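This report describes selected features of one protein model. Please keep the sequence and the coordinates at hand while reading.

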Amino acid sequence: MPENMVEVRNVNHPEYRGSVNAAKYDAMKTAMLKALSGSDGLTQSEIVMAVKPHLPEDLFPGGKTAGWWAKTVQLDLEARGEMGRHKTKPLRFFAK
């Protein structure tokens with residue numbers, strides 16, 4: 001895999017493997033874990049809003065594509081056991 005890419009997984013489809021931009025993945029992962037820190041869980045829409053202030057403007061101008069990246073990273077971190085979910089409605093996600 002090229003150095004500027006990272007493999008992602010999907011907790012809902014264990015056989016899935018994809019690759020995405022490593023810089024954007026790392027920035028979103030850092031922002032997401034910061035947003036979830038000290039929280040008992042956030043909904044997907046709460047995560048998207050909470051990560052935006054922590055994202056680098058050069059990678060996410062105006063928060064553009066933050067929703068897609070937040071979902072991609074959330075599914076990957078769940079597949080890797082670094083995040084979990086409360087099975088409430090709506091779902092709430094937390095860092096382990």
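The sections below treat a helix pair, a group of aromatic rings, backbone features and several individual residues. The model is a predicted one.

## Helices α1 and α3

Two packed helices are described by the angle between their axes and the distance between the axes. Helix α1 spans residues 22-36 and helix α3 spans residues 66-79; their axes come within 9 Å and cross at roughly 80 degrees. Because angles of 65 to 115 degrees count as roughly perpendicular, α1 is described as roughly perpendicular to α3.

On the α1 side, the contact involves K24, Y25, M28, K29, M32 and L33. On the α3 side, the residues are A66, W69, A70, V73, Q74, D76 and L77. By residue class, this contact of α1 with α3 comprises 9 nonpolar, 1 polar and 3 charged residues.

D76, one of the α3 residues in this contact, has a relative accessible area of 0% and is therefore buried. Leaving aside residues up to four places away in sequence, D76 touches E7, V8, R9 and Y25. Of these neighbours, Y25 is also listed on the α1 side of the helix contact.

## Aromatic rings

A pair of aromatic rings is described by the distance of the centres and the angle of the planes. How many aromatic pairs does a search of the whole structure find? The search finds 2, and they are set out in the table.

| Aromatic pair | Centre to centre | Angle between planes | Geometry |
|---|---|---|---|
| F60 and W69 | 6.4 Å | 85 degrees | edge-to-face |
| W68 and W69 | 5.0 Å | 80 degrees | edge-to-face |

Ring pairs link F60, W68 and W69 into a cluster. W69 takes part in the pair with F60 and in the pair with W68. Which members of the cluster are buried, and which are exposed? F60 has a relative accessibility of 1% and so counts as buried. W69 is likewise buried, at a relative accessible area of 7%. W68, in contrast, counts as exposed, because its relative accessibility is 52%.

The ring of F60 has a further partner in K24, whose charged end sits over that ring at 5.7 Å from the centre. K24 belongs to the α1 side of the contact with α3, and W69 to the α3 side. The aromatic cluster and the helix contact thus share W69.

## Backbone features

Most residues other than glycine have a negative phi, and most peptide bonds are trans. T65 is not a glycine, yet has a positive phi of about 65 degrees. This residue is found in the loop between α2 (44-51) and α3, and with 39% relative accessibility T65 counts as partly exposed.

The peptide bond from K89 to P90 is cis, and its omega is near -5 degrees. P90 lies in the loop that runs between β3 (83-86) and β4 (92-95).

## Individual residues and separations

A31 is located in helix α1. Its relative accessibility of 1% means that A31 counts as buried. When residues up to four places away in sequence are not counted, A31 touches V51, H54 and L55.

E82 is placed in the loop between α3 and β3. With a relative accessible area of 29%, E82 is partly exposed. Apart from residues up to four places away in sequence, E82 touches K29, L77, A95 and K96. Among these, K29 and L77 also appear in the contact of α1 with α3.

What separates A31 from E82 along the chain and in space? The two are 51 residues apart along the chain, and their C-alpha atoms are separated by 14 Å. For E82 and S39, the separation along the chain is 43 residues and the C-alpha atoms are 15 Å apart.

E57, like T65, is found in the loop between α2 and α3. E57 is exposed, with a relative accessible area of 52%. From E57 to R80 the sequence separation is 23 residues, and the C-alpha to C-alpha distance is 27 Å.

Terms used. Residues numbered from 1 in each chain as written. Predicted model: local features only at pLDDT ≥ 70, side-chain atom pairs only at ≥ 80, totals over all residues. Heavy atoms only, no water. Axes fitted to C-alpha atoms, helices over the stretch in contact; angles between N-to-C directions. Helix = DSSP H or I, 4+ residues; strand = E, 2+ residues; numbered from the N terminus. Parallel < 35°, antiparallel > 145°, perpendicular 65-115°, else oblique. Contact = heavy atoms within 4.5 Å. Nonpolar A, V, L, I, M, F, W, Y, C, P; charged D, E, K, R; others polar. Phe/Tyr/Trp six-rings, centres within 6.5 Å; stacked < 30°, edge-to-face > 60°. Buried < 20%, exposed > 50% of the residue type's maximum accessible area, 1.4 Å probe, protein only. Lys NZ or Arg CZ within 6 Å of the ring centre and 35° of its normal.
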